[in-house]
Number of protein chains: 2
Amino acid sequence: MTTDNSNSSSTEFSDPIDAVRPDDLRLEKFLPYRLSVLSNRVSNAIADAYSARFDLTIPAWRVMAILGRFPNLSAADLVEQTAMDKVAISRAVSILIKNDYITRSEDLADRRRQVLNLSPLGRDVYDRIVPLAQQYENDLMGSLSAEERGQLDSIIEKLMTRAQDWANRGLID
Amino acid sequence: MTTDNSNSSSTEFSDPIDAVRPDDLRLEKFLPYRLSVLSNRVSNAIADAYSARFDLTIPAWRVMAILGRFPNLSAADLVEQTAMDKVAISRAVSILIKNDYITRSEDLADRRRQVLNLSPLGRDVYDRIVPLAQQYENDLMGSLSAEERGQLDSIIEKLMTRAQDWANRGLID
DNA sequence: TAAAATTGGTTTCAATTGTAACCACTGCTG
DNA sequence: CAGCAGTGGTTACAATTGAAACCAATTTTA
């Protein structure tokens, strides 16, 4: 019920704002901008929560989130799973090891690889951080209807694919 | 259906998380994570385009986007319009002045303020950048149906509001 | 009307992040 | 096998970003 001002999607300007040049860009309606603001707000809030309670950065938390589900991964495996790059992983891992949240052991079969796992302490933290994360997620999702949640899911998927295409081939024009 | 019976506002944690291990968290379904990945992909692609063609960073571009629509703003006005902070604005402005994309003049009424405007060159660049930005936006939106575009608009609005609430009051728990 | 507090904006310094170079090891090719 | 390309991971260094201190002009207030 709160939702509607009329259909705000299309591009009609009957603006009161006199003499708006036809091709001005309205930043506040520009999707890349809005995504960026939204994502930053969300990430900052969560980053604060994690760092205050567990002394964890977001990259480090991501690594833990993956290791909690999938034991015995290497750094390279983490790169695959997290959309983070090698360097970020390497730094996150070294922090986590310093905190005794994860353990690192050599892979005997391939002495370049290191097998990573949550330590008992790390598992502990993981078990406490996951509900916190879920709380944030639920709170966020709680502002949407069940229907909207479904829509959002599929919309993000589509946008993600398109943006990925850009990275691969660039914007075609 | 799944996620809520608790009205999102309330503060009840009656969770029997005593002996029960929390569910694993699936990072790839976690909204904050997905937003972050999506936003980064989009921003990076666009940042590359801008910097390659106009030697502009995203913050600088944002400042131009606003000044193109609203002349005679001060840095403080820009802070209001862009969700960027003072420092970022100050840096963007100084780059833009160095490039001769904008002009800065003293406000006689208040000698702390500086009135900013696009220079003729800046207006020129603006007129070329806006269509490029719109092309990206259209391409992104092109992956959605008209209906989805409307849904996305209102969903973002809601999420934005919720995330803003966090910033103000923190997650209530 | 002289402090004191506020506002506009910049500078400084530390922390974060990205890029490239790098070392150690593996695996292939000849 | 020797040599060389590729992989796993870290290090070094530059660029970006954020937080706090700061200067100058303005407003408040006692």
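In this predicted model, 16 residues lie around DNA strand C, a residue being near a strand if one of its heavy atoms lies within 4 Å of it. Arg91(A), Ala76(B), Lys86(B), Arg104(B) and Arg112(B) come nearest. Residues are numbered from 1 along each chain as its sequence is written, and chains are lettered from A and ligands numbered from 1 in the order in which they are written. Local features need pLDDT of at least 70 and side-chain atom pairs count only at pLDDT 80 or more, while totals for chains, interfaces and linings use all residues; side-chain values use heavy atoms, with hydrogens and water left out.

The surface near DNA strand C divides into nine charged, four nonpolar and three polar residues. Here Asp, Glu, Lys and Arg count as charged; Ala, Val, Leu, Ile, Met, Phe, Trp, Tyr, Cys and Pro count as nonpolar; the others, Gly among them, count as polar. Three helices each supply at least two residues of this surface: α4 (86-98) of chain A, and α3 (75-82) and α4 (86-98) of chain B. Helices are DSSP runs of H or I with at least four residues, strands are runs of E with at least two, and both are numbered from the N terminus. The most comes from α4(B), with four residues.

Both bases and backbone of DNA strand C are approached. Sugar or phosphate makes up 49% of its atoms within 4 Å of the protein, and bases make up the rest. Polar contacts are pairs of N or O atoms within 3.5 Å; within protein, one must be able to donate a hydrogen and the other to accept it, and residues adjacent in sequence count only if both atoms are side-chain atoms. The side chain of Arg91(A) places an N or O atom 2.7 Å from a base nitrogen of strand C. For the side chain of Arg112(A), the distance to a base oxygen is 3.2 Å. A backbone N or O atom of Ala76(B) lies 2.5 Å from a phosphate oxygen.

DNA strand D is surrounded by 17 residues, the closest being Ala76(A), Lys86(A), Arg104(A), Arg112(A) and Arg91(B). Of the atoms of strand D that come within 4 Å of the protein, 51% belong to sugar and phosphate. The surface near strand D has nine charged, five nonpolar and three polar residues. Its largest contributor is α4(A), with four residues. In the side chain of Lys86(A), an N or O atom is 2.3 Å from a base nitrogen of strand D. Phosphate oxygens of strand D lie 3.2 Å from a polar backbone atom of Ala75(A) and 2.9 Å from a backbone N or O atom of Gln114(A).

Chain A superposes on chain B by a rotation of 180° with 0.0 Å of shift along the axis, at an RMSD of 0.1 Å. The fit is by least squares on the C-alpha atoms of residues with pLDDT of at least 70 in both copies. The two copies are thus related as by a two-fold rotation axis. The same surface serves both: 91% of the contact residues of chain A recur in chain B, contact meaning heavy atoms within 4.5 Å.

Val87(A) sits in helix α4 of chain A. Val87(A) is partly exposed, with a relative accessible area of 42%; buried means under 20%, exposed over 50%, and partly exposed in between (1.4 Å probe, protein chains only). Val87(A) and Ala75(A) are 12 residues apart in sequence, with their C-alpha atoms 9.7 Å apart.
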